[in-house]
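Q: Got a minute to go through this model with me? I'd like to start with the annotated spans and then look at charge pairs.

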Amino acid sequence: MKRTIAVVYGTLCYTLFLVVFLYLIGFVGGLAVPRSVDNALVAAAGWAVPIDIVLVTLFAVQHSVMARPAFKRWWTRIVPAPIERSTYVLIASLVLVLMFWQWRELPAVVWDVTWQPARLAVWTMFWLGWAMVLASTFMINHFELFGLKQVFTAWRARPSAETGFRVTLLYRVVRHPLMLGFLIAFWAAPTMSAGHLLFAAVMTGYILLALQLEEHDLTAALGARYAEYRQRVPMLIPGLAVIATRAAVLPRDGGPRPR
């Protein structure tokens, strides 16, 4: 009975995540949702800016703190291990819902791409970013990432084994394609309002900080394997490792290095 409840709970958490993820696309792009980053509650800029920063920071703190190994060790003393990830997904989804609900718009236009071919190109980048986010989750283990694998493994009463470290597809190009996809989606705005700019900037700051924490945890967990991976593959910018390696072997005067 407990295992069945865990499966139902995990499935509901995953379903909520899907709804919230789709709403997030509409929220950022201003597409087919009642409230978006540019169509939200109205407040004076002096109130809107700190409220919006607090909302994004609340998500950032929850998302990073609950993902740390030390927190997980403490948290699983309270929450059963099979539903730990589902609970993380649930709380993250609810924090995003709070942000959708309480976001304050800042309508001042920072830039507006009016040339239609360029505008179409920006929208293409927007959708490419979201496609990269979703595809990246399947390149590792989508269902483990969002807690379904854990609850179904518990339901079958089998030992739960994590997928482990794998380097596949986009993960051969950059170490964090999922986060790169988010950055592209957040910044690819043909019409960029002050509110959208604030959202993108604060989210970018959070992502860059969160990646440092994640890299620290991965290096501690995987040791030399991840250190070698870091040497070969750049964090976010494709080709950066190759450029850095070539620059490192050039002499300071810029001339060819003797063999």
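A: Sure. The end C-alpha atoms of residues 12-34 are 23 Å apart, and that span is 78% helix and 0% strand. Helices (H or I, at least four residues) and strands (E, at least two) are DSSP runs here, numbered from the N terminus.

Q: Before we go on, what kind of model is this?
A: A predicted one: local features need pLDDT of at least 70, side-chain atom pairs count only at pLDDT 80 or more, and totals for chains, interfaces and linings use all residues. Residues are numbered from 1 along each chain as its sequence is written, and side-chain values use heavy atoms, with hydrogens and water left out.

Q: Which residues does the "transmembrane region" annotation cover?
A: Residues 12-34, 40-65, 86-103 and 123-148, according to the unreviewed UniProt entry. Those positions are in the numbering used here, feature names are shortened, and annotations may be inferred rather than shown by experiment.

Q: And how much helix is in 40-65?
A: That span is 81% helix and 0% strand, with its end C-alpha atoms 28 Å apart.

Q: OK, charges. How many salt bridges are there?
A: The structure holds 6, where a salt bridge is a side-chain nitrogen of Lys or Arg within 4 Å of a carboxyl oxygen of Asp or Glu.

Q: What does Arg175 pair with?
A: With Glu215, the closest N and O atoms being 2.9 Å apart. This pair links distant parts of the chain, 40 residues apart: Arg175 is in the loop between helix H7 (148-155) and helix H8 (177-187), and Glu215 is in helix H9 (residues 194-222).

Q: Is Arg175 buried or exposed?
A: Buried, at 8% relative accessible area, and Glu215 is buried too, at 2%. The cut-offs are under 20% for buried, over 50% for exposed and in between for partly exposed (1.4 Å probe, protein chains only).

Q: What else does Glu215 form a salt bridge with?
A: Arg230, with the closest N and O atoms 3.0 Å apart. Arg230 sits in helix H10 (residues 224-232), 15 residues from Glu215. Arg230 is partly exposed at 37%. Through shared partners, Arg175, Glu215 and Arg230 join into one network.

Q: Which residue does Asp112 form a salt bridge with?
A: Arg119, the closest N and O atoms being 3.2 Å apart. Asp112 is partly exposed at 42%, and so is Arg119 at 22%.

Q: Last one: where does Trp111 lie?
A: In strand E1 (residues 109-112). Trp111 counts as partly exposed because its relative accessibility is 32%.
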